[in-house]
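Please work through the exercises below with the sequence and the coordinates open beside you. Each task is followed by a solution that goes step by step.

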Amino acid sequence: MQVQRVVLNSRPGENEVPVPENFRLEESTLVPDLKDGEVLVQTLYLSVDPYMRCRMNEHSGADYLTPWQLSECVDGGGVGVVESSCCSTFAERDVVTSFTWPWQTRAVLKGNSLQKVDPTLVGGHLSYILGAVGMTGLTALLGVREKGHVTKGANQTMVVSGAAGACGSIAGQIGRLDGCVRVVGICGSDEKCRALVDDLGFSAAINYRQEDVATRLKGCCPDGVDVYFDNVGGAISDTVIAQMNSSGRVILCGQISQYNKDVPYPPPLSEETQENLQRKSITRERFMVLNYMSKADAALYELSQFVKSGQLKVLETVVNGIENMGDAFCSMMKGGNIGKQIIKISE
């Protein structure tokens, strides 16, 4: 059986921006001679995500992330369908997902690496399994719930950076649904700003490439900032934290502005920002969704109900073809996506 796969062709270097040429498309022969406990799957959708940038380095910098190896198949979030099975857990035509899905059109996988998915949870939109009703949605929902402490009736304001990305676009909506009276998104284009306000119900959106963030933030958040869902770090986060209220909460989800730099995670803060946190008793806590997986099933069901009811809107940028994985990844790292970046591999 002939398959296509994407391997890591080269490393960009710890302080460099990744390019499509860091990835290589290969033709390969797959022998579907299944052993006990294995399944043959057809890949339907693959995901590219900011954390993957760390896996391109020789050392990922995080104990829970293994680096990709040169000339070996890349892996990440994926969803597909079982074509044949030697695993009692799965039958033909089952929809399955994994966090370690190879970037390959078909693959033989161990059944214990897969989770069965009920397509009705996502109304047949199987790509949502990789986004709003998957790990991305869990990160947004549980991040807000566990670290944001939004309280209905408390007149709270939330700010989200990277707000038009996969996680930020969901997190802002969760903040609004949970009771924030004002949700402001920071993103990188007027098109994204329009999507946040018109499609997702954000109160306001700031284009950091074209506007003075500090000035606009004061106008959009007249009562200050109570909760900050931080996806980007760097200067934008310094600006937001400077306008936070006493006893505010920073949900440290990602630091994409720093991922092409050889710095520890989380990156060190400026002295001024550190002083602001201490003086105002602002809690800034790193959020890792893997520490809350005991709550995953209930949270995924809640997310699916939000999506089905229309309370939670899903934005996706879909690229067709495994040959475009490298381009899609690099575009996502530069903010080329609105919502979740998905690559459709097959029907």
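The exercises that follow concern a predicted model, and they go from the whole chain to single residues.

**Exercise 1. Overall form**

Task: Determine which radius of gyration the protein has, and set it against the value for a compact globule with 347 residues.

Solution: Begin with the expectation, which for a compact globule of 347 residues is a radius of gyration near 20 Å. The protein has 20 Å, so the two agree. Next, take the extent of the C-alpha trace, which spans about 65 × 45 × 35 Å along the principal axes. Then turn to burial and surface: 54% of the 347 residues count as buried, while the accessible surface comes to about 15,200 Å², with 47% of it belonging to carbon and sulfur atoms. Finally, consider the contacts between residues with a separation of 6 or more, of which 69% join residues 24 or more positions apart. The secondary structure of the protein consists of nine helices and 15 strands.

**Exercise 2. The cavity**

Task: Find how many cavities of 30 Å³ or more the structure holds, and describe the lining of the largest cavity.

Solution: The search yields one cavity of 30 Å³ or more, and the volume of the largest cavity is about 70 Å³. Its lining is made up of Ser-127, Tyr-128, Gly-131, Ala-132, Thr-136, Ala-166, Ser-169, Ile-170, Val-314, Leu-315, Glu-316 and Lys-340. Sorting these residues by character gives six nonpolar, four polar and two charged. Sorting by element, the largest share of the lining comes from helix H3 (residues 166-178), which supplies three residues.

**Exercise 3. Helix H9**

Task: Decide whether helix H9 (residues 325-333) is mostly covered or mostly open, and state what covers its buried residues.

Solution: Count first the residues under 20% relative accessible area: seven of the nine residues of H9 are buried, so that the helix is mostly covered. These are Met-325, Gly-326, Ala-328, Phe-329, Cys-330, Met-332 and Met-333. Then look for the cover, which includes strands S1 (2-8), S2 (23-29), S3 (38-47), S14 (316-320) and S15 (340-344), together with helix H1 (52-55). Just after H9, Gly-335 takes a positive phi of about 80°.

**Exercise 4. Ser-47**

Task: Establish whether Ser-47 is buried or exposed, and list its contacts beyond the neighbours within four places in sequence.

Solution: Ser-47 lies in strand S3, one of the elements that cover the buried residues of H9. Its relative accessible area is 1%, which makes Ser-47 buried. With the neighbours within four places in sequence left aside, Ser-47 is in contact with Met-52, Gly-77, Trp-103, Leu-130, Lys-340 and Gln-341; Lys-340 is also among the residues that line the largest cavity. As for Leu-142, that residue is 95 residues from Ser-47 in sequence, and the C-alpha to C-alpha distance between them is 20 Å.

**Exercise 5. Positive phi in a loop**

Task: Examine the backbone and the exposure of His-149 and of Asn-155.

Solution: Locate the residues first: His-149 is in the loop between helix H2 (135-148) and strand S8 (157-161), and Asn-155 is likewise in the loop between H2 and S8. For the backbone, His-149 has a phi near 50°, a positive value in a residue other than glycine, and Asn-155, also not a glycine, has a positive phi of about 55°. For exposure, His-149 has a relative accessible area of 39% and is partly exposed, and Asn-155, at 42%, counts as partly exposed too.

Terms used:
Residues are numbered from 1 along each chain as its sequence is written. This is a predicted model: local features need pLDDT of at least 70, side-chain atom pairs count only at pLDDT 80 or more; totals for chains, interfaces and linings use all residues. Side-chain values use heavy atoms; hydrogens and water are left out. On a 1 Å grid over the protein atoms alone, a cavity is a set of points where a 1.4 Å probe fits but cannot get out, and a pocket is an open set with protein on both sides within 12 Å along at least five of seven lines; lining residues have an atom within 4 Å of a point. Grid points are joined across faces, edges and corners, and a volume is the space filled by probe spheres set on the points. Helices (H or I, at least four residues) and strands (E, at least two) are DSSP runs, numbered from the N terminus. Ala, Val, Leu, Ile, Met, Phe, Trp, Tyr, Cys and Pro count as nonpolar, Asp, Glu, Lys and Arg as charged, and the others, Gly among them, as polar. The radius of gyration is taken over C-alpha atoms; the globule rule is 2.2 Å times the number of residues to the power 0.38. Buried means under 20% relative accessible area, exposed over 50%, partly exposed in between (1.4 Å probe, protein chains only). Contact means heavy atoms within 4.5 Å. Accessible areas come from the Shrake-Rupley method with a 1.4 Å probe; for residues, only the protein chains shown count as cover.
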